[in-house]
Amino acid sequence: MIFSLCSQMEGRKWEDLNKDILVNVLGRVGMESLLLDVPFVCKSWYKATREPQCWKHLIFPSYIKPDDIWEEESPHRGFAERLAMKYQANLSVFAFVKFIVNRSYGNATIIKLPGHCPEEALEYIANECPKLKILDVGSYNVIINAIIPKFISKWKKLEMLRLGKFYLREILPQIGLHCNNFISLSAPYNYFGKDEASALVASLPKLEYLDLHEGGFEKEALLMILQGCKQLVHLDVRQCFGFSDDDAEILELASHIPAFMCEGSMVVPEIEPGSLHDRMLDHELFCDEINHDDCVYDLNFDFDDRFEDI
């Protein structure tokens, strides 16, 4: 995109390009280019990168520090190494998050957190980003997931949230209480029993988009969701355990949902009722003992396609 724009500018003065158009374009090029490429094209482009409107969508890299990347051929290594070269010993996850958030001057509407994100970084985002509409916490930022509930009240404009395992029962009531425009929840790999389903239905009855793929279910819990969240237009429960993808009762209740996906879901006969929940609890206790810097962070979330109208 940058090189295409450069070729179009041949023979013209940089300062002749309408600033609003330039800022609109630069706000779409991504954090790496906005930090490490665009500012060095010319003075007018450097000035444009300092405009808060360029920093409304803060999609942080999965890794900020090269030492956190185990694979030598990781696609994340290039950005991390360039950051380390630029900021050298001063680079830390919190310092980098703070630096980027400050550039938005409170205008950020979309944030995808980096891996190894410390609690102080999330607290800073909560205090400095009151216009936040979309937050992607990630599946394996375990410590961050645990403290999300106490910050939800800061984001009254929140519409969409992607988070990881556990703590759903604590988060859902807070969303229902403080986020009147909330329509989309992505919480894959979670266990959903009747308690979790009851909290979801009670807190978010107007939910439109729900992604719970590759989780564990009590069939009764899924039935509660289908009966209680009547405004769903998208429900993804593919590759789940606890119910069958050809269950007639479930398919009948889900028939009104335009995008209902349950392919690959199955009942596992050898697992006794309640034992799946016990396994989830054992895993939760295990993760609570893991050092935060040892947690694996792996996201694949397409913001451009899903949230292009935000």
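In strand 10, Ala259 is the bridge partner of His234. That pairing is a handy place to begin a walk through this structure, which is a predicted model. His234 belongs to strand 9, residues 234-236, and 3 bridges join strand 9 to strand 10, with the two strands running parallel.

**The sheet around that pair**

Where does this pairing sit in the larger sheet? Strands 9 and 10 close one end of the order 1-2-3-4-5-7-9-10, an open sheet of 8 strands with parallel pairing. Strand 1 (57-59) and strand 10 (259-261) are the edge strands, each pairing on one side only. From one strand to the next, the twist averages 5 degrees. As general background, strands of a sheet pair through backbone hydrogen bonds, in either a parallel or an antiparallel way.

The chain as a whole has 14 helices and 10 strands. Of its 310 residues, 49% are buried. Taking contacts between residues at least 6 apart in sequence, 71% join residues at least 24 apart. The chain exposes about 15800 Å², and carbon and sulfur atoms supply 49% of that area.

**Two serines**

Ser186 lies in strand 5, residues 184-186. With a relative accessible area of 3%, Ser186 is buried, because buried means under 20%. The side chain of Ser186 makes a polar contact with the side chain of Asp211, at 3.3 Å.

Ser203 lies in helix 10, which covers residues 194-203. Is Ser203 buried or exposed? Its relative accessibility is 16%, so Ser203 counts as buried. Its side chain reaches the backbone oxygen of Ala199 at 2.8 Å. Leaving aside residues up to four places away in sequence, Ser203 touches Leu172, Pro173 and Gly176. The C-alpha atoms of Ser203 and Ile175 are separated by 7.2 Å, although these residues are 28 apart along the chain.

**Aromatic pairs**

The model has 4 aromatic pairs. One of them is Phe94 with Tyr124: the ring centres are 6.3 Å apart and the planes stand at 85 degrees, so the pair is edge-to-face. This pair links distant parts of the chain, with Phe94 in helix 6 (residues 93-104) and Tyr124 in helix 7 (residues 119-128), 30 residues apart. Phe94 counts as partly exposed at 23% relative accessibility, while Tyr124 counts as buried at 17%.

Phe217 and Phe243 form another of these pairs, with ring centres 5.7 Å apart and planes at 85 degrees, so this pair is edge-to-face. Here too, distant parts of the chain are linked: Phe217 lies in strand 8 (residues 216-217) and Phe243 in the loop between strand 9 and helix 12 (248-253), 26 residues apart. Phe217 is buried, with a relative accessible area of 4%, and Phe243 counts as buried at 1%. Which residues make up the aromatic cluster that includes Phe217 and Phe243? Phe192 joins them, and these residues form one cluster.

**Helix 11 and its cover**

Helix 11 spans residues 219-228, and its buried residues are Ala221, Leu222, Leu223, Ile225 and Leu226. What covers these buried residues? The cover includes strand 6 (191-192), helix 10, strand 7 (209-211), strand 8, strand 9 and helix 12. Two of the elements met above return here: helix 10 is where Ser203 lies, and strand 8 is where Phe217 lies.

**Two residues with positive phi**

Most residues other than glycine have a negative phi. His116 and Gln239 are worth a look against that background, and the table sets them side by side.

| Residue | Phi | Place | Relative accessibility |
|---|---|---|---|
| His116 | near 60 degrees | loop between strand 2 (110-112) and helix 7 | 9%, buried |
| Gln239 | about 55 degrees | loop between strand 9 and helix 12 | 46%, partly exposed |

His116 has a positive phi in a residue other than glycine, and at 9% relative accessibility His116 counts as buried. Gln239 also has a positive phi although it is not a glycine, but at 46% Gln239 counts as partly exposed. The loop that holds Gln239 runs between strand 9 and helix 12, and the buried Phe243 lies in the loop between these elements as well. That brings us back to strand 9, where His234 has Ala259 of strand 10 as its bridge partner.

Note on methods:
Residues numbered from 1 in each chain as written. Predicted model: local features only at pLDDT ≥ 70, side-chain atom pairs only at ≥ 80, totals over all residues. Heavy atoms only, no water. Pairing = 2+ DSSP bridges. Helix = DSSP H or I, 4+ residues; strand = E, 2+ residues; numbered from the N terminus. Axes fitted to C-alpha atoms, helices over the stretch in contact; angles between N-to-C directions. Buried < 20%, exposed > 50% of the residue type's maximum accessible area, 1.4 Å probe, protein only. Contact = heavy atoms within 4.5 Å. Polar contact = N/O pair within 3.5 Å; in protein donor to acceptor, adjacent residues only side chain to side chain. Phe/Tyr/Trp six-rings, centres within 6.5 Å; stacked < 30°, edge-to-face > 60°. Areas by Shrake-Rupley, 256 points an atom, 1.4 Å probe, with all protein chains shown as cover.
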